[in-house]
Amino acid sequence: MFETIKNLFKKEETFSCIIFDGKKMKYLDLTQKQIDKLKEEHKDWTITKKEEC
């Protein structure tokens, strides 16, 4: 029970990203799960982590 509650407050690692949808660039801090979800939903978008630049 304690571990379940502890996991709720655990912060996931975020990455600074540049997202380009063909018209606009956005600068966001996203978790890896969010990055993967965006890549899956929007195949034509370019998502680059800051470390990859």
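Biologist: Over the ring of which residue does the charged end of K49 sit?

Modeller: This is a predicted model, in which local features need pLDDT of at least 70, side-chain atom pairs count only at pLDDT 80 or more, and totals for chains, interfaces and linings use all residues. Residues are numbered from 1 along each chain as its sequence is written, and side-chain values use heavy atoms, with hydrogens and water left out. A charge counts as over a ring if NZ of Lys or CZ of Arg is within 6 Å of the ring centre and within 35 degrees of the ring normal; the charged end of K49 is 4.1 Å from the centre of the ring of F15.

Biologist: Which side chains of β1 are buried?

Modeller: In a regular strand the side chains alternate between the two faces of the sheet. Along β1, T14, S16, I18 and F20 point to one face and are not buried (buried being under 20% relative accessible area with a 1.4 Å probe, protein chains only), while those pointing to the other face and buried are F15, C17 and I19.

Biologist: Why is one side of β2 and of β3 left without a neighbour in the sheet?

Modeller: Strands are DSSP runs of E, at least two residues long, and two of them pair if DSSP finds at least two bridges between them. The open sheet has three strands in antiparallel pairing, in the order β2-β1-β3. One side of β2 (25–31) and of β3 (46–49) has no neighbour because both stand at the edges, each with a single partner strand.

Biologist: Which residue in β2 is the bridge partner of I18?

Modeller: β1 (residues 14–20) pairs with β2 in the antiparallel sense over seven bridges. I18 stands opposite T48 in β3, and in β2 the bridge partner of I18 is Y27.

Methods:
Helices (H or I, at least four residues) and strands (E, at least two) are DSSP runs, numbered from the N terminus. Buried means under 20% relative accessible area, exposed over 50%, partly exposed in between (1.4 Å probe, protein chains only).
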